[in-house]
Amino acid sequence: MPLSRERLAHPPHTSKEEASAAQRRANNREYANAIARRSHAKHREERNPKARAYYHTHKKERTVYRKIYSKEHPEKFRTYAKRRYALKRGASKHENVSLDVIFERDKGICSLCLKRVKRAEASMDHVIPLMQGGDHTYQNCALAHIRCNCSKRASTITQQQRLF
Ligand SMILES: [Zn+2]
């Protein structure tokens with residue numbers, strides 16, 4: 001197959017070139033991030049309408065893509081969904097917190113009742129609840145049974161109601 005004009009103008013990088021570029025970026029991560037942030041701020045106005053238009057005109061594609069992605073990467077999908085949820089709840093610090101990692105780190109022990117947790121009944125507890133300004137970070141997340149987490153949430157809500 002003959003190469004297209006674009007392909008000839010921008011020949012694909014060799015894996016060696018790609019590796020060295022990745023290394024460079026890794027070595028200068030702060031710098032690369034600063035450049036990306038600056039570029040993002042500068043082109044925000046022109047980029048956002050395009051992104052927004054795409055968002056609204058490709059609803060079907062987004063749904064299909066999301067379905068495929070969530071099937072292929074269920075754990076990642078849940079992790080991102082939790083972070084989005086925390087963002088909406090106003091968590092000022094947030095990162096992708098994986099329940100698998102928390103499970104490993106806490107050695108399968110519930111932080112609320114200190115008993116063993118089966119993987120199927122595992123959930124992520126925010127030590128300082130998001131509602132009380134807690135962060136969505138590994139530091140503020142602990143392993144808990146789903147049922148322990150629910151009863152903690154219920155008692156936190158009653159406590160808050162008592163305050164008013
Ligand atoms: Zn428990």
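# Burial, pairing and confidence in a predicted model

Biologist: What pattern does the protein chain follow when read along the sequence?

Modeller: In this predicted model, the order of elements along the protein chain is α-α-α-α-α-α-α-β-β-α, and the secondary structure amounts to eight helices and two strands.

Biologist: How do you know which elements of the protein chain have the lowest and the highest mean pLDDT?

Modeller: Among the elements, helix H1 (residues 5-9) has the lowest mean, 61, whereas strand S2 has the highest, 96. For the protein chain as a whole the mean pLDDT is 86, with 88% of residues at 70 or more. Where pLDDT is low, the predicted coordinates should not be read in detail.

Biologist: What makes S1 and S2 a pair of strands?

Modeller: Two strands pair if at least two bridges are found between them, and strand S1 (residues 122-126) is joined to S2 in the antiparallel sense over five bridges, so the criterion of at least two is met. One of the residues involved is Asp125, whose bridge partner in S2 is Ala142.

Biologist: Why is S2 described as largely enclosed by the rest of the structure?

Modeller: A residue counts as buried if 20 or more other C-beta atoms lie within 10 Å of its own, and four of the five residues of S2 (residues 141-145) are buried, so the strand is largely enclosed. Of the 164 residues of the protein chain, 9% count as buried.

Biologist: Why is helix H4 said to lie largely in the open, and how do you know that its length agrees with its number of residues?

Modeller: The number of buried residues among the 14 of H4 is zero, so this helix lies largely in the open. As for length, at 1.5 Å a residue the 14 residues of H4 (residues 44-57) should span 20 Å, and the C-alpha atoms at its ends are 20 Å apart, which agrees.

Biologist: What can be said of helix H5 on span and burial?

Modeller: The 14 residues of H5 (residues 59-72) should span 20 Å at 1.5 Å a residue, and the end C-alpha atoms of H5 are 20 Å apart, in agreement. The number of buried residues in H5 is zero, so H5 lies largely in the open.

Biologist: Which residues make up the largest nonpolar core?

Modeller: That core has five residues, namely Cys110, Val117, Leu143, Ala144 and Cys148. Leaving aside neighbours within four places in sequence, Cys148 is in contact with Cys110, Leu112 and Cys113.

Biologist: Why is Gly108 called partly exposed, whereas Lys107 is called exposed?

Modeller: The exposed class ends at 12 C-beta neighbours and the buried class begins at 20; Gly108 has 14 other C-beta atoms within 10 Å and is therefore partly exposed, while Lys107, with 9 inside 10 Å, counts as exposed. Gly108 is placed in the loop between helix H7 (99-105) and S1, and Lys107 lies in the loop between H7 and S1. Gly108 is 35 residues from Leu143 in sequence, with 7.3 Å between their C-alpha atoms, and, not counting residues up to four places away, Gly108 touches Phe103, Arg116 and Val117.

Biologist: What is notable about the phi of Lys107 and of Leu114?

Modeller: Lys107 has a phi near 55°, a positive value in a residue other than glycine, and Leu114, which is not a glycine, has a positive phi of about 65°. Leu114 is found in the loop between H7 and S1 and is exposed, because 8 other C-beta atoms lie within 10 Å.

How values were computed. Residues numbered from 1 in each chain as written. Predicted model: local features only at pLDDT ≥ 70, side-chain atom pairs only at ≥ 80, totals over all residues. Expected span 1.5 Å × (residues − 1). Core = buried A, V, L, I, M, F, W, Y, C linked by C-beta atoms within 7 Å. Contact = placed C-beta atoms within 7 Å. pLDDT = per-residue confidence, 0-100.
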